[in-house]
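I opened this notebook to keep a short record of what I looked up, one topic at a time. The entries follow the order in which I went through the structure.

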Amino acid sequence: MKDNKENCPFCNADLQGEPIPVEQQDSNGATHFSRKIGIYDFEKDRTIKWQCPDCKGEWNR
Ligand SMILES: [Zn+2]
């Protein structure tokens, strides 16, 4: 099982969210939702950064 535990690089907040119900877990093996916020770049058509919901710090993927 993949360890998807994460912490904010700025404030070290725990970014692991609620557990995902087993019946909703998909093939990527994630067992918890993530609290980090994806910053989407429409020109590049992909998520380019993550933002911490606590300190609002941003970091590159
Ligand atoms: Zn943070």
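Entry on strand pairing. I began with Y40, and I noted that in this predicted model Y40 stands opposite T47 in strand 4. I then looked for the partner of D41, and found that D41 stands opposite R46, again in strand 4. Taking the two strands as a whole, I recorded that strand 3 and strand 4 run antiparallel and are joined by five bridges.

Entry on the first turn I examined. I asked myself how many residues lie between strand 3 and strand 4 in their hairpin. I found four residues there, and I also wrote down that D45, which sits in the turn, has a positive phi of about 60°.

Entry on the other partner of strand 4. I followed strand 4, residues 46-51, to strand 5, and I saw that these two pair in the antiparallel sense over three bridges. For single pairs I looked up K49, whose bridge partner in strand 5 is N60, and Q51, whose bridge partner in strand 5 is E58. Strand 4 and strand 5 likewise form a hairpin, here with six residues between them, and K56 in that turn has a positive phi of about 65°.

Entry on the sheet. Putting these pairings together, I recorded an open sheet of three strands in the order 3-4-5, with antiparallel pairing. Which strands stand at the edges, and why is one side of each left without a neighbour in the sheet? I noted that strand 3 (37-41) and strand 5 (58-60) are the edge strands, and that each has a single partner strand, so one side of each has no neighbour in the sheet. I also looked up the angle between neighbouring strands of this sheet, which are turned by 40° against each other on average when direction is ignored.

Entry on burial. I checked how well strand 3 is covered, and found that it is hardly covered, since the count of buried residues among its five residues is zero. For the protein chain as a whole, I wrote down that buried residues make up 7% of its 61 residues.

Entry on the whole chain. I counted zero helices and five strands in the protein chain, and from the N terminus on I read its elements as β-β-β-β-β. Its C-alpha atoms fill a box of roughly 35 × 30 × 15 Å, taken along the principal axes. Lastly, I looked at contacts with a separation of 6 or more in the protein chain, and noted that residues 24 or more positions apart account for 31% of them.

Methods
Residues numbered from 1 in each chain as written. Predicted model: local features only at pLDDT ≥ 70, side-chain atom pairs only at ≥ 80, totals over all residues. Pairing = 2+ DSSP bridges. Axes fitted to C-alpha atoms, helices over the stretch in contact; angles between N-to-C directions. Buried ≥ 20, exposed ≤ 12 C-beta atoms within 10 Å, placed from the backbone. Contact = placed C-beta atoms within 7 Å.
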